[in-house]
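Biologist: I would like a close look at one part of this model, the small sheet, and then a careful walk from there to the helix packing and the enclosed spaces. Please write it for somebody in the first year of study.

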Amino acid sequence: MTRSYEPHEIEEKWQAVWDAEGLYSVTEDPDKPKKYVLEMFPYPSGDIHMGHVRNYSIGDVIARYWTMRGMNVLHPIGWDSFGLPAENAAIKSDSHPATWTYANIEKQAASFRRMGFSYDWGRRLASSDEEYYRWGQWIFIKFWERGLVERKSSPVNWCPGCKTVLANEQVIGDGVCWRCKSTVEKRELEQWYLKITEYAQELLDDLDALPGWPERVKAMQANWIGRSEGAEVEFTLCDATGEPTDERITVFTTRPDTLFGCTFFLLAPEHPLVRKLVHGTEYAESVLKVVEEAAKETAIDRSSTGKDRNGAFTGRYVVNPVNGEKVPVWVADYVLMEYGTGAVMAVPCGDQRDFEFACTYGLPIPPVVVAEDDPLYERLKDQSERIVTDVDWEAAHADEGVMVQSGPFTGTSTGKGGEGVRAVIAWLEERGQGRASINFRLRDWLISRQRYWGNPIPAIHCPVCGLVPVPESQLPVVLSKDVDVTKGETLADHPEFYTTTCPTCGGPARRETDTMDTFTCSSWYYLRYCDARNDAAIWEKDKADYWMPVDQYIGGIEHAILHLLYSRFFTKVFRDMGLVEFSEPFTNLLTQGMVKLDGFTMSKSRGNVVAPEAIIGRYGADALRAYILFMAPPDKDLEWSQEGLEGMSRFLGRAWRYVAEVAEEPAIGVTDDVDDDAAEVLRRERHRVVGKVEEDIERFQFNTALSAMMELLNTATDYRRSVKPGLRDVALEREVAETLVLLLAPYVPHMAEELWREVLGGKGSVHRVSWPTWDPATAAADEVEVAVQVNGKVRARLMVDANASEDMVREAVLALPKVIEHTEGMTIRRVVIVPGKLVSIVAS
């Protein structure tokens with residue numbers, strides 16, 4: 001008697017066998033093509049939930065599929081285990097971050113094993129392991145040697161919830177912390193930066209070399225890098241009489257052609273000149289009030305249009321280089337240090353925020369660019385001197401048109417990057433008052449954090465020698481284990497950590513107590529997997545060049561800017577260091593959708609996670625894997641529901657029974673009594689489905705691939721039911737059963753292994769068997785069934801020749817009795833034919 005499918009009996013069994021056989025351990029093989037499949041490594045915030053199940057099941061299907069296609073597949077796992085969540089969780093649970101973190105790592109590792117994921121466990125790593133973060137410190141020192149590390153004082157994003165600074169990329173939405181959602185403040189602090197801006201242009205240009213990335217992600221990165229072409233213009237500071245000083249202030253503008261309309265000059269509240277300009281003057285109180293109030297607002301709030309503009313006059317002036325006019329200097333809350341130079345030439349006729357500011361404070365708004373259909377055009381088109389000093393506009397006007405009231409440039413057509421822009425830049429360059437320039441929105445990456453659970457920055461503060469890197473021979477700088485985060489302690493509270501000697505002069509010195517942003521750990525882990533147990537070097541170049549770049553990377557869209565941009569930056573620096581030969585780390589990127597519950601993304605912080613344990617306990621890991629991939633295409637969000645699990649479990653049970661029944665049939669050759677017509681239908685379906693599954697997996701349509709397998713099973717079971725035992729092609733049935741098992745193997749690895757080895761008697765693991773072949777000619781049907789719609793409702797179905805022309809199909813459909821019945825008295829307006837699938841008739 002055929003035994004039934006019992007997942008709990010087989011899943012642990014095969015997990016143990018795979019481990020004993022080292023089935024998923026791989027090494028470099030130059031004679032074999034490689035595939036590197038990688039899911040973004042998880043944060044050990046607790047046990048896995050359905051979001052993890054979906055993400056890692058996607059990667060596992062891809063890895064197993066390419067293995068069966070003959071590739072040497074690297075599929076590793078590790079943990080992004082440093083960071084604030086562990087520290088905050090430890091405070092909440094009155095424990096140490098390491099205790100909490102490593103307990104969760106073991107919990108997740110056990111769950112990953114239970115899910116049957118095909119990881120090379122010998123490459124396992126955690127970013128909080130000393131043998132890993134040692135090399136993170138080595139990277140920091142090497143970046144420092146290349147001039148890519150800087151420590152400087154500047155206005156920074158301070159999260160009061162996390163009690164640490166944030167990189168610009170970690171301030172999201174309405175100016176809140178990406179992790180705890182606290183409103184971010186501005187503070188002046190001395191911090192460590194990685195000079196990612198040195199690679200801004202290359203990071204932007206190389207997006208075009210990533211056809212395997214979603215356009216949405218590339219657009220997000222391009223917008224964040226934010227390249228702007230324009231000019232740097234020098235304004236000379238002067239006193240109230242217009243007497244110039246020796247001090248110049250540089251502004252960046254994309255519209256130097258509007259310089260003649262600059263009627264006031266703005267500084268960001270954080271600009272280093274602000275306090276100097278008003279010190280000891282009657283203007284200090286009002287200016288410093290603006291500075292203080294701006295520090296309480298987010299950058300997004302400050303720079304948005306439509307809000308009340310807050311500013312104050314500094315009592316100082318600058319000279320406009322194009323016309324020599326004395327222009328008042330104000331401080332304004334909507335000007336940000338993060339863009340350009342923190343100084344703005346305000347042109348209220350062309351910029352809405354400048355327009356609002358001018359209206360608020362009664363500043364002039366002279367038009368300098370007007371469209372030819374503007375009522376002012378005829379009056380000003382030949383007017384080089386300013387005769388109109390204000391306009392009765394409700395808003396700033398369009399930025400394209402003709403220059404007016406603009407001296408020798410009057411009458412020049414202009415717009416961003418237009419003739420007027422080029423002409424004014426050339427004029428400025430001739431006089432040494434400006435130059436063409438390119439500006440990037442991207443700012444250097446602020447990496448220092450004032451929290452404990454992170455990679456210590458390998459730097460020493462010496463009162464004699466200044467900042468000195470820790471010698472490589474002294475790495476790693478080991479993170480102290482006796483810091484009590486429940487009392488708010490950091491490394492700065494532990495003299496035994498920071499007390500040291502200068503490696504240069506031997507005198508007393510202080511070790512840096514800030515730790516690195518956890519994104520520094522995730523910016524190179526994919527490379528360490530290539531040589532994870534190397535104690536002598538970060539990796540062997542030959543190994544990295546064999547495995548890299550990652551062929552298929554899988555992770556959430558929320559990492560489009562942070563992790564993915566930083567990883568691209570690190571890879572380019574590694575290339576320039578001679579550590580790798582390539583420039584981009586990830587050839588293809590799949591951003592999977594979120595798993596939601598009641599409309600909200602599952603997350604531990606929200607408390608709406610569904611753990612897989614209970615589902616595995618009832619249905620088995622294979623059913624869960626298949627079901628979550630069947631629910632929706634991987635790039636779409638899905639709403640979690642268990643309603644369909646029973647159906648998936650029944651499908652697997654049916655597949656099991658079919659294979660088991662076929663395996664029990666005696667192996668006999670083809671006889672003259674075989675029903676050839678029925679066998680041909682089954683054979684054609686077998687070839688069609690193999691081609692369909694192959695195509696769907698390669699384009700990540702895992703759900704439709706499963707649907708095709710269900711169709712093959714239906715055809716196969718219909719064949720067994722409708723064809724008497726003596727008339728069946730037993731060899732064909734055996735081929736179909738083996739094919740079904742091979743197609744299922746990436747999805748349900750335990751069940752497929754049991755069927756292959758124990759039921760079908762196959763040799764070796766099913767996961768090392770070659771992917772089934774198929775023949776397009778055999779898969780092609782002689783006839784296809786098309787659905788026939790009349791005004792959106794299916795009224796008939798018709799079998800037509802697979803190669804029939806559209807005219808032939810149209811004629812046959814319009815002759816159908818059901819079509820005639822439902823179009824009686826109407827005029828056929830349109831017939832739309834979707835070849836091989838549908839005919840849609842519109843009648844009225």
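Modeller: A good place to begin is a single pair of residues, for lysine 596 stands opposite glutamate 639, and that glutamate belongs to strand β32. The model is a predicted one, and what follows is a description of that prediction. Strand β30, which covers residues 595–597, pairs with β32 in the parallel sense, and two bridges join them. These strands belong to an open sheet of three, whose order is β31-β30-β32 and whose pairing is mixed. The edges of this sheet are β31, at residues 600–601, and β32, at residues 638–639, and each of these edge strands pairs on one side only.

From the sheet we can turn to a pair of helices. In general, two packed helices are described by the angle between their axes together with the distance between the axes. Helix α21 spans residues 645–664 and helix α24 spans residues 730–744, and their axes come within 9 Å and cross at roughly 145 degrees. The crossing of α21 and α24 is left-handed. On the side of α21, the residues in contact are Phe651, Ala655, Tyr658, Val659, Val662 and Ala663, while α24 contributes Glu733, Arg734, Val736, Ala737, Leu740, Val741 and Leu744. Sorted by class, the residues of this contact between α21 and α24 comprise 11 nonpolar, no polar and two charged.

The next topic is enclosed space. A search of the whole structure finds two cavities of 30 Å³ or more. The largest cavity holds about 180 Å³ of space, and 17 residues line it, with Gly83, Leu84, Arg449, Asp517 and Thr518 lying nearest its centre. Two elements, β6 (164–166) and β27 (515–516), give two or more residues to the lining of this largest cavity, and the largest share, three residues, comes from β6. By class, the lining of the largest cavity has seven nonpolar, six polar and four charged residues.

The second largest cavity holds about 80 Å³ of space. Its lining includes Gly136, Ile139, Phe140 and Phe143, and among the other lining residues are Leu194, Asn455, Met516, Trp524 and Phe570. At least two residues of this lining come from each of α5 (130–145) and α15 (519–522), and α5 gives the most, with four residues. In the lining of the second largest cavity there are eight nonpolar, three polar and no charged residues.

Finally, we come to a pocket. The second largest pocket has a volume of about 1000 Å³, and of the 28 residues that line it, Arg688, Ala781, Val784, Glu785 and Gly836 lie nearest its centre. The elements that give two or more residues to the lining of this second largest pocket are the helices α22 (676–698), α23 (702–722), α26 (776–779) and α27 (806–814), together with the strands β33 (783–790) and β34 (793–801). Helix α22 gives the most to that lining, with five residues. By class, the residues lining the second largest pocket divide into 14 nonpolar, three polar and 11 charged.

Terms used. Residues are numbered from 1 along each chain as its sequence is written. This is a predicted model: local features need pLDDT of at least 70, side-chain atom pairs count only at pLDDT 80 or more; totals for chains, interfaces and linings use all residues. Side-chain values use heavy atoms; hydrogens and water are left out. Axes are lines fitted to C-alpha atoms, for helices over the stretch in contact, and angles run from 0 to 180 degrees between N-to-C directions. A crossing is left-handed if the near helix is turned anticlockwise from the far one by less than a right angle, and right-handed if clockwise. Contact means heavy atoms within 4.5 Å. Ala, Val, Leu, Ile, Met, Phe, Trp, Tyr, Cys and Pro count as nonpolar, Asp, Glu, Lys and Arg as charged, and the others, Gly among them, as polar. On a 1 Å grid over the protein atoms alone, a cavity is a set of points where a 1.4 Å probe fits but cannot get out, and a pocket is an open set with protein on both sides within 12 Å along at least five of seven lines; lining residues have an atom within 4 Å of a point. Grid points are joined across faces, edges and corners, and a volume is the space filled by probe spheres set on the points. Two strands pair if DSSP finds at least two bridges between them.
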